[in-house]
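Reader: Hi! Could you walk me through this one while I have it open?
Author: Happy to, let's take it topic by topic.
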Amino acid sequence: VHARARAHVDELLEYLDGHALALELAGVYLREYPHDTPAQYLALLRAGEHPDGKAAGDTRYERSVQQAFSLLWDRLDPATRYAWQLASQFAPERASPALADACGLDADARRALHRYHLIDVDPDGSFRMHRLTRGFGQGAGEPDTLARARESFLDRIAARARLIDMRSGFRVYVPDRAHFDAAAELAQGRQKSLLLSGIAAAARSLGDLARARDLFEAALTLDIEDLGERHADLSIRRSDLALVLRDLGHLPRARDLLELALKSDLRNFDERSEERRVGKECRSR
């Protein structure tokens, strides 16, 4: 490491958290680019960038890793290959065992990945996959299998987002914030609406009312586009948004949304009652 940058080495090592791949890549990069300091490297990592990618074409280590992954992939059974593809859909942060289970990556699958050193597992069961391992998993195998892994992950994490409520749902969201947020960026249509509304509920429970308002607004817009104005779920979304607007002091719009939600509930109740009446008459004939 360049002599003038030694003061920042400990901070970089602490951030990399002892992960062997990350440590070796950082060392390779800083050798290849001696005028870049560990502080600069750390700043890029924190910004979500991967500075070692600049040196990828020059580093024998990264090429060796890719070759090793290819050889390993050929030796794995289909279930473990799919688990690798599925685990690669998570954000490059720690994921709780509860989220992993909910998204179809159960304990047996995690054990298989850990046995081949494809994930790093903490004593509490949470796991993390290194950027290179994750990147390989996102591109390995048949396109249709990859697409199935991605769609399954998004469907299941959207279903888990429904557990996030305004009172205590932050307990679901906060430990896995990075994964919910990243999935919301990738999701489309109904998946995206469920994720946005779940994150909005967590934001409200955490006191971030402006973010909650913006996310509920976006979820409502998506639901109107996908489900239509008369769908029953829109009353829930309007009510949630109205509560946040009330907390922010936007009372006229909050009142309008609650009135729309009430009208929707009454209309859907009448329609269900009519369906039950017609069904009863048909059965009695």
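Reader: Which elements have the lowest and the highest mean pLDDT?
Author: Helix 2 (residues 20–32) has the lowest mean pLDDT, 71, and helix 5 (residues 78–87) has the highest, 97. Here pLDDT is the predictor's confidence in each residue, from 0 to 100, and helices are DSSP runs of H or I with at least four residues, numbered from the N terminus.

Reader: And what does the protein average?
Author: The average pLDDT is 84, with 85% of the residues scoring at least 70. This is a predicted model, in which local features need pLDDT of at least 70 and side-chain atom pairs count only at pLDDT 80 or more, while totals for chains, interfaces and linings use all residues. Residues are numbered from 1 along each chain as its sequence is written, and side-chain values use heavy atoms, leaving out hydrogens and water.

Reader: Thanks! At what angle do helix 1 and helix 3 pack?
Author: About 30°, with the axes of helix 1 (residues 9–16) and helix 3 (residues 38–46) 9 Å apart. Axes are lines fitted to C-alpha atoms, for helices over the stretch in contact, and angles run from 0 to 180 degrees between N-to-C directions. The two helices are therefore roughly parallel (angles under 35 degrees count as roughly parallel, over 145 as roughly antiparallel, 65 to 115 as roughly perpendicular and the rest as oblique).

Reader: Which residues meet there?
Author: V9, E11, L12, Y15 and L16 of helix 1 meet P38, Y41, L42, L45 and R46 of helix 3, where contact means heavy atoms within 4.5 Å.

Reader: How about helix 5 and helix 7, at what angle do they cross?
Author: Roughly 95°, and the axes of helix 5 and helix 7 (residues 107–115) come within 10 Å. That pair is therefore roughly perpendicular. On the helix 5 side T80, A83, W84 and A87 take part, meeting A109, A112 and L113 in helix 7.

Reader: Switching to aromatics, how many pairs are there in the whole structure?
Author: A search finds eight aromatic pairs; rings of Phe, Tyr and Trp (its six-membered ring) pair if their centres lie within 6.5 Å. F69, W73, W84 and F136 are linked into a cluster by ring pairs.

Reader: Last one: what does L209 touch, beyond its neighbours within four places in sequence?
Author: L209 is in contact with R204, V244, D247 and L248. L209 lies in helix 13 (residues 209–227), and its C-alpha atom is separated by 7.0 Å from that of L248, 39 residues apart along the chain.

Technical notes:
Phe/Tyr/Trp six-rings, centres within 6.5 Å; stacked < 30°, edge-to-face > 60°.
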